[in-house]
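Trainee: Could you take a close look at a single residue with me, and then walk outward from there? I work at the bench, so plain wording would help.

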Amino acid sequence: MIKTKPRLACVDPPRLLAGLDEAYRLDRVGHLTVHGTMPALRADELVALAENIDLRGRGGAGFPFAKKVSAVVEAAGRAGGRCNVVVNGSEGEPSCLKDTALLLHTPHLVIDGATLAAEAIGAEEVAIAVHRADVEESLSAAIAERGPSGVPVSVTLTPDRFVAGEGGAVINGISGAPAIPNGRKIRSSENGLGGLPTLLSNTETYAQLAVAARMGALPYRSVGLPTEPGTTLLTVGGKYVMETPTGVPLTYVLELCGLTPGQGVLVGGYHGKWLDPKSINATTISRESMKKYGARLGAGAVLPIPEDTCPLGETARVARWLAAETAGQCGPCFIGLPALADAIGQVERGGGQSAIDNVRAYINSVRKRGACSHPDGTAGFVTTALDAFPEEFESHARGAGCGRPTMGVLPLPEESQPLALPPGPTAAPPRGERQQRGPMEKLLVDWSLCQGHGLCADILPPEVLTLGIDGYPSSARMDVPRQLRGQAVRAVRRCPALALRIEE
């Protein structure tokens with residue numbers, strides 16, 4: 001996996017990882033032939049290795065892996081030594097393919113890293129969440145090839161949704177609950193899979209760990225920057241998967257893929273940042289370089305926008321898709337994001353300066369108010385487009401347009417269907433359907449957020465929710481009869497503090 005120069009592979013559909021041009025998938029025998037056997041590490045050795053190579057999460061946040069391990073070990077000590085390991089292979093953004101490439105072609109490398117960590121910290125199981133059926137098939141075959149020895153490993157197919165890749169949503173999906181964010185701050189290192197401390201990290205993170213454990217820290221650090229050693233995987237233009245050492249110029253990466261910076265490059269995916277051509281020329285593949293321009297690699301998506309497409313049209317397409325990916329848990333996401341997408345459409349149709357003002361107003365209305373990071377990320381995507389392409393937004397708002405068609409260069413699924421949202425208060429399901437459904441749902445109060453506004457009691461009848469003498473809900477957990485579910489949903493969306501949620 002470690003290369004001294006960037007290498008590139010591409011097919012249509014794109015599924016090849018750099019260096020795997022000659023082999024579609026490494027089975028267990030092929031994997032051991034190429035990589036050799038895995039060493040065993042204690043927890044302190046695992047932490048030391050991760051610190052030495054500065055291993056970071058490769059799913060977007062870039063959190064230090066060593067700190068995650070230490071937090072889980074500490075929490076497990078308070079939980080009788082019990083803990084779990086989860087691999088987040090839920091690549092729900094259509095601009096990203098790197099984890100898919102790893103899991104299709106080198107599944108044993110990912111499993112190696114996860115089981116190495118699991119054995120080091122004494123985890124009870126390794127659970128892997130994926131979105132694609134072919135990836136699940138690849139992993140299931142790899143698990144069967146390894147036999148029953150060691151820490152049990154399982155794979156779960158979760159819904160192919162953008163928000164289903166959030167950490168809490170991944171654990172919910174593996175557990176059989178709806179694969180949506182929890183809507184409250186829960187650290188997986190404290191309370192994750194099965195209620196146990198859980199080491200949750202991205203597919204590539206575990207693959208890099210497996211490589212580093214075999215090589216040792218010093219050989220691993222011989223590639224890339226001294227301050228950011230090793231390699232990273234990128235998805236370029238939505239179809240090329242590349243492995244490159246850190247420190248390589250971004251323009252060189254584009255050149256190897258036969259691409260140019262065009263009007264700008266979106267780095268970090270659809271919650272990322274647009275870089276203008278001038279910034280691109282000075283940017284390298286590193287955290288420090290990206291940070292200078294307020295950007296980060298995130299999940300490794302690099303998306304140039306060519307000269308022959310309309311940047312506003314491309315922004316509008318992605319904004320509509322992101323709005324459709326809402327989990328429907330809170331008003332800023334369920335109501336605010338579609339309104340933001342509609343406002344961009346008004347700019348596109350020549351709505352004047354007031355349309356641009358509406359876009360900015362809706363951006364401000366959803367920021368820092370969501371039950372998860374999706375509203376913030378989407379608002380950030382639109383904001384960076386406004387900053388990168390101000391002339392295009394203004395010319396469209398005036399009705400002149402930019403004269404270019406929308407070519408659809410930013411990857412999106414062919415069909416993007418919103419989640420089936422709960423019925424409204426006047427749309428209760430037929431009696432027969434209610435009788436066939438599962439257990440009664442619960443309305444939960446997050447006391448760390450509740451501010452005693454009391455609006456929920458104005459919407460829900462006393463048999464569901466009452467206020468105590470202090471003006472706060474009298475219970476933190478209330479049954480919701482099916483016929484009152486619509487009113488419960490309204491209460492969740494009306495809560496100014498985002499302190500309510502519905503759970504099965």
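Mentor: Happy to. Let's begin with T383, which sits in helix α17, residues 374-388. (Helices here are DSSP runs of H or I with at least four residues, strands are runs of E with at least two, and both are numbered from the N terminus.) Please keep in mind that this is a predicted model, where local features need pLDDT of at least 70 and side-chain atom pairs count only at pLDDT 80 or more, while totals for chains, interfaces and linings use all residues. Residues are numbered from 1 along each chain as its sequence is written, and side-chain values use heavy atoms, with hydrogens and water left out.

With a relative accessibility of 17%, T383 counts as buried; the cut-offs are under 20% relative accessible area for buried, over 50% for exposed, and partly exposed in between, using a 1.4 Å probe and protein chains only. Setting aside residues up to four places away in sequence, T383 touches I363 and R367, where contact means heavy atoms within 4.5 Å.

Now step back to the whole chain. It has 21 helices and 13 strands, and 53% of its 504 residues are buried. Of the contacts between residues at least 6 apart in sequence, 73% join residues at least 24 apart.

Next, the interior. The largest nonpolar core holds 48 residues, and those with the most contacts inside it are F65, V85, I121, V126, I128, L199 and Y206. (Such a core is a set of buried Ala, Val, Leu, Ile, Met, Phe, Trp, Tyr and Cys residues joined through side-chain atoms within 4.5 Å.) Helix α5, residues 107-121, gives this core its largest share, 9 residues. V85 makes a good anchor for your eye: beyond its neighbours within four places in sequence, V85 is in contact with residues including A114, A118, I121, V126, L199 and Y206. A second, separate core has 39 residues, among them V163, L266, L340 and L386.

Let's turn to the sheets. One is an open sheet of 4 strands in the order β4-β3-β2-β5, with parallel pairing; two strands count as paired if DSSP finds at least two bridges between them. β4 (153-157) and β5 (198-202) are at the edges with a single partner strand each, so one side of each has no neighbour in the sheet. From one strand to the next, the twist averages 20°. (Axes are lines fitted to C-alpha atoms, for helices over the stretch in contact, and angles between N-to-C directions run from 0 to 180 degrees.) Strand β3, residues 126-130, is joined to β4 by 5 bridges, and A129 has T156 in β4 as its bridge partner.

Helix α6 ties in here, as β3 and β4 are among the elements that cover its buried residues, together with α1 (28-35), α4 (98-105) and α5. Those buried residues are V135, S138, L139, A142, I143 and R146. They span an arc of only 135° around the axis, which places them on the same side of α6; the arc is taken from the directions from the helix axis to the C-beta atoms. A133, E137 and A144 are exposed on the other side. The 14 residues of α6 (133-146) should span 20 Å at 1.5 Å a residue, and the end C-alpha atoms are indeed 20 Å apart; the expected span is 1.5 Å times one less than the number of residues. Just after α6, G147 takes a positive phi of about 80°.

Helix α13, residues 311-324, makes a useful companion. Of its 14 residues, 13 are buried, so α13 is largely enclosed by the rest of the structure.

The other sheet to look at is open too, with 3 strands in the order β12-β11-β13 and antiparallel pairing. Its edge strands, β12 (477-480) and β13 (500-503), each pair on one side only. Between β11 (441-445) and β12 there are 4 bridges, and E441 is partnered by V480 in β12. Helix α21, residues 485-494, lies across β11, β12 and β13 and runs at about 145° to β13.

L498 follows in the loop between α21 and β13. L498 has a positive phi of about 60° although it is not a glycine, and it is buried at 15% relative accessible area. D54, in the loop between α2 (43-52) and α3 (65-78), also has a positive phi, near 50°; at 22% relative accessibility, D54 counts as partly exposed.
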